[in-house]
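I'm opening my notebook on this one and jotting down what I look up as I go. Sheet before side chains, I think.

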Amino acid sequence: MSFFHAGPAPKGAGPRSGALRDGLTLAPGMKVGLFGGSFNPAHDGHAHVAETAMRRLGLDRVVWLVSPQNPLKDARHSAPLDERMASARAHARGPSMIVSDFESRAGTAWTVDTLRLLAARHPGVHFVWLMGSDNLASFHRWRGWTDIMRLMPVAVIARPGSLLDSRTAPAAARFAGFRVPDREAGLLPVLAAPAWTYLTAPLNPLSSTAIRGAGSRRPGAPTGA
């Protein structure tokens, strides 16, 4: 099987140490999930992913990384960042859920660069990259996806409509030998990468695309709202 690597992922210097305030209060030894997305808008399906990961992985925090603009999506369909931040805050329930505009602060456009920078800024924190299974199905198209897998453990949480595709995804096949059984998921945050697991849970069918579509069908709503 051939794999598509969406461009190289050079290790840039990034912002100087101490030059950026990321707004995160994290301590060495913490287990922290990093949950990125456009959240355009956020919904209960996102909360399902974050809360499932928190519970099953024994995380201390989940950081919702609200992207200023996904490079793989059309900016014309994205709501302003402040609206998407507010939407995420409305669904990130409890003090252990943190909504962050770190990518805007850091000026990073690609997930691999964001994760490298966070790992460098917070040594001793056990980071885990979190994503729904709908993203795993296309993960091999992300820039530096193999670098992400080797940078920190990854937890994939089941989402409706993508179960079969995600389990047979190129990324799952490429790193099949590093998959951690879901019964051992609590160990994932402290394992050396590459290591990943697939978590099943009662499925929440909501998606941002469906929510935007419903909004566009409201009487008087503008086309493409």
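**Entry 1: the sheet**

I began with the strands of this predicted model. I found an open sheet of six strands, and reading across it I wrote down the order β3-β2-β1-β4-β5-β6. The pairing is parallel. Which strands sit at the edges? I noted β3 (97-100) and β6 (196-199), since each pairs on one side only. I also looked up the turn between neighbouring strands: 25° on average, direction ignored.

Then I picked one pairing to look at. How many bridges join β1 to β4? I got five, with the two strands running parallel. For one residue in particular, Lys-31, I found that the bridge partner in β4 is His-126.

**Entry 2: helices on the sheet**

Next I checked what lies against the strands. Helix α2 (residues 81-91) packs on the sheet and touches β2 and β3. I noted an angle of about 155° between the direction of α2 and that of β2. Helix α4 (residues 111-121) also packs on the sheet, touching β1, β2 and β4. The direction of α4 makes about 155° with that of β4.

I stayed with α4 for a bit. Which of its residues are buried? My list reads Thr-111, Val-112, Thr-114, Leu-115, Arg-116, Leu-117 and Leu-118. I then asked what covers them, and my answer includes β1, β2, α3 (102-106), β4 and α6.

**Entry 3: aromatic rings**

On to the rings. I counted eight aromatic pairs in the structure. Why is the pair of Phe-39 and Trp-64 called tilted? Their ring centres are 5.3 Å apart and the planes meet at 35°; tilted covers whatever is neither under 30 degrees (stacked) nor over 60 (edge-to-face), so that is the label the pair gets.

I looked up where the two rings come from. Phe-39 is in the loop between β1 (31-37) and α1 (44-57), while Trp-64 is in strand β2 (residues 61-66). The two are 25 residues apart, and the pair links distant parts of the chain. Buried or exposed? Phe-39 has a relative accessible area of 2%, so I put it down as buried. Trp-64 comes out at 0%, so that one is buried too.

My next pair was Trp-129 and Trp-142. I noted 6.3 Å centre to centre and 75° between the planes, which is edge-to-face. Trp-129 lies in strand β4 (residues 126-132) and Trp-142 in the loop between α5 (133-136) and α6 (145-151), so the pair ties together parts that are 13 residues apart in sequence. I checked burial here as well. Trp-129 counts as buried at 3% relative accessibility, and Trp-142 counts as buried at 15%.

Which residues make up the aromatic cluster these two belong to? I wrote down Trp-129, Phe-139, Trp-142, Trp-145, Phe-175 and Phe-178 as one cluster.

**Entry 4: salt bridges**

Last topic: charged side chains. My search of the whole structure turned up six salt bridges. I took a few of them in turn.

Arg-121 forms a salt bridge with Asp-22, and the closest N and O atoms are 3.2 Å apart. Arg-121 is in helix α4 and Asp-22 is in the segment before β1, so this pair ties together parts 99 residues apart in sequence. I noted that Arg-121 is partly exposed at 26% relative accessibility, whereas Asp-22 is buried at 6%.

Then I looked at Arg-93 and Glu-51, whose side chains meet in a salt bridge at 3.3 Å, N to O. Arg-93 sits in the loop between α2 and β3 and Glu-51 in helix α1, so the pair ties together parts that are 42 residues apart in sequence. Arg-93 is partly exposed, with a relative accessible area of 44%. Glu-51 is partly exposed as well, at 32%. Which residues form a network here? I found Asp-44, Glu-51 and Arg-93 linked by salt bridges.

One more went in before I closed the book. The side chains of Asp-101 and Arg-105 meet in a salt bridge at 2.7 Å, N to O. How exposed are they? Asp-101 counts as partly exposed at 22% relative accessibility, and Arg-105 counts as partly exposed at 42%.

Terms used. Residues numbered from 1 in each chain as written. Predicted model: local features only at pLDDT ≥ 70, side-chain atom pairs only at ≥ 80, totals over all residues. Heavy atoms only, no water. Phe/Tyr/Trp six-rings, centres within 6.5 Å; stacked < 30°, edge-to-face > 60°. Helix = DSSP H or I, 4+ residues; strand = E, 2+ residues; numbered from the N terminus. Buried < 20%, exposed > 50% of the residue type's maximum accessible area, 1.4 Å probe, protein only. Pairing = 2+ DSSP bridges. Axes fitted to C-alpha atoms, helices over the stretch in contact; angles between N-to-C directions. Contact = heavy atoms within 4.5 Å. Salt bridge = Lys/Arg side-chain N within 4 Å of Asp/Glu carboxyl O.
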